[in-house]
Amino acid sequence: MAKNPAPAPAEGTFEVGYERVAEVFAHQLKTEEIGAGLAVYRSGQCVVDLWGGLADRKSSRAWERDTRIVVFSVTKGFAAMALHLLADRGLLDWSEPVGTYWPEFSQSGKSKITVGQLLGHRGGLAFLDTKLSMDDLTDPSRYPKVLEAMETQKPSWRPGEDQGYHAITFGMYARELFERIAGESMGAFLRREIFEPLASDVHLGTPQSEDSFIATLYPPATPSRVFRMMTSATLEPESTEAFVLKEFLDRKSTMRQAFTNPAIPGNDMTLYNKEPVRRSELAWASATGSAQGVARAYLPFSMEGSFEGRQFLKAETLEPAYRRLGWSTHDRVLQKPLGWSNGFLKEERHLFSPNPESFGHAGMGGALGWVDPVNEISFGYVMNKMDWHVRSPRAVALCRALYESTALIEGR
């Protein structure tokens, strides 16, 4: 198909039939973004390749096609990829107790927690009682303290009987479990087995050589974020943001504890874009990548495990991800309906895709890595102006524009 030039102020191209996506991206770039990138693949072919704006306001550095940014919880989707590859090779069984692979995990009432429950945010381990700092999580010499905190933690609910987003602890437990089995770092494994073969620029543990490609994060100031959430709670008392605010004000709530340990000085989320955090393999938040990199990492997951003649994992390994293996109409932490399937996020159908088989992971602020195996779509969206909503309206608008595109409606 012919490639059309992006409408101003966006740069890049899109194929005929995806005009709606390009229009929405360009409008958001003009009115809401600082800098952003969007890539959509269908059946292995790039049909939307857009970017624009500024990677850094101070220097006026432009956002380029290969500009990268910390993608926060999109990282969890990459961790799920690594674990799926272990399962595909017969090294991991989702139904086995975690203690089968990590014996010390079994203490403090955790002996019956299965891998599937842990990765499905149903293990009751959404927070740690041991107070940690970011230095504890980024300094390898302090890891024994972190490991002890994980192993001695007691579940805060009966495992398997409830669900609460393990916002930070998911990555801590998932990485340790992976490395116990694989005998190597998750970041190195992902580079070798997924990212490099797919020409994806994603890194978990970003080396210094990539620093010049990284954009600057612009999170909303804490007073502004609180004001907006309070306004939303007043105008829409039944909104997700209203429920989140109410839970956050309760110091003993699961939601507050899940997001406040480790404590971040001044709640400055740009800490995630600085050394040594960016260098670390924080499997819940520190991966970096461009929109192209995120979308390309998901390519085999959109096409039954294969891409360009290479079988990355068997089709049957992915089949459980098409279903909701766990679901809650009101997650204890995110205060909304959602679920997971072996580490991949399963969202409400009206958000990112109308097809229930879709999966991936959203990131705080708005970044999104997503797959629709029905239409063989792989989707990557990254930006540096972080949104304050639980689910970014910008990301949702781009997804809706995709499904409103004539190419999908007409099956072209």
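A residue is called buried here when its relative accessible area is under 20%. By that criterion Asn342, at 5%, is a buried residue of this predicted model. Asn342 sits in the loop that links β11 (338–341) to β12 (344–346), and its backbone stands out: phi is near 50°, a positive value in a residue other than glycine. Asn342 is also one of the residues that Trp94 touches, which makes it a convenient starting point for a walk through the fold.

Before following that contact, the chain as a whole deserves a look. The secondary structure comprises 15 helices and 15 strands. The radius of gyration is 20 Å, close to the 22 Å that the globule rule gives for 412 residues, so the chain is as compact as a globular protein of that length. The C-alpha trace spans about 60 × 50 × 45 Å along its principal axes. Of the 412 residues, 59% count as buried. Sequence-distant pairing is well represented too: among contacts between residues at least 6 apart in sequence, 66% join residues at least 24 apart.

The outside of the molecule can be described in similar terms. About 16100 Å² of the protein chain is exposed, and carbon and sulfur atoms supply 51% of that area. The chain carries 46 positive and 51 negative charges, and the mean positions of these two sets are 4 Å apart.

Back to Trp94, which is found in the loop between α2 and α3 (115–119). With a relative accessibility of 16%, Trp94 falls under the 20% cut-off and therefore counts as buried. Setting aside residues up to four places away in sequence, Trp94 touches Leu83, His84 and Ala87, then Thr114, Val115, Gly116 and Leu119, and finally Asn342. A separation of 34 Å lies between the C-alpha atoms of Trp94 and Ala397, which are 303 residues apart along the chain.

The loop between α2 and α3 also holds Ser108. Ser108 has a positive phi of about 60° although it is not a glycine. In contrast to the buried Asn342, Ser108 counts as partly exposed, at 28% relative accessibility.

Helix α2 itself (residues 74–88) contains Thr75, a buried residue with a relative accessible area of 1%. Beyond residues up to four places away in sequence, the contacts of Thr75 are Leu204 and the residues Leu282, Ala283, Trp284, Ala285, Ser286 and Ala287.

Another serine, Ser200, belongs to the loop between α7 (186–195) and α8 (222–235). Ser200 is buried, its relative accessible area being 3%. Apart from neighbours within four places in sequence, Ser200 is in contact with Arg191 and Phe195, and with Gly293, Arg296 and Ala297.

Helix α5 (residues 143–152) offers a view of burial along a helix. Val146, Leu147, Ala149, Met150 and Glu151 are buried there. An α-helix has 3.6 residues a turn, so residues three or four places apart point the same way. The cover over the buried residues of α5 includes α4 (134–138) and α6 (169–182).

Two cis peptide bonds involving proline can be described as well. One joins Ala8 and Pro9, with omega about 5°, and Pro9 lies in the loop between β1 (3–5) and β2 (11–15). Another joins Asn261 and Pro262, with omega about 15°. Pro262 is located in the loop between α10 (254–259) and β7 (288–289).

Finally, the cysteines. The structure holds zero disulfides. Cys46 is in no disulfide, and the nearest cysteine sulfur, that of Cys399, is 15 Å away. A disulfide calls for sulfur atoms within 2.5 Å, so the 15 Å between the sulfur of Cys399 and the closest cysteine sulfur, in Cys46, is too far for a bond. Both cysteines are buried: Cys46 has a relative accessibility of 14%, and Cys399 has a relative accessible area of 2%.

Methods: Residues numbered from 1 in each chain as written. Predicted model: local features only at pLDDT ≥ 70, side-chain atom pairs only at ≥ 80, totals over all residues. Heavy atoms only, no water. Buried < 20%, exposed > 50% of the residue type's maximum accessible area, 1.4 Å probe, protein only. Helix = DSSP H or I, 4+ residues; strand = E, 2+ residues; numbered from the N terminus. Rg over C-alpha atoms; globule rule 2.2 N^0.38 Å. Contact = heavy atoms within 4.5 Å. Areas by Shrake-Rupley, 256 points an atom, 1.4 Å probe, with all protein chains shown as cover. Lys, Arg positive; Asp, Glu negative; His and termini not counted. Charge placed at Lys NZ, Arg CZ, Asp CG, Glu CD.
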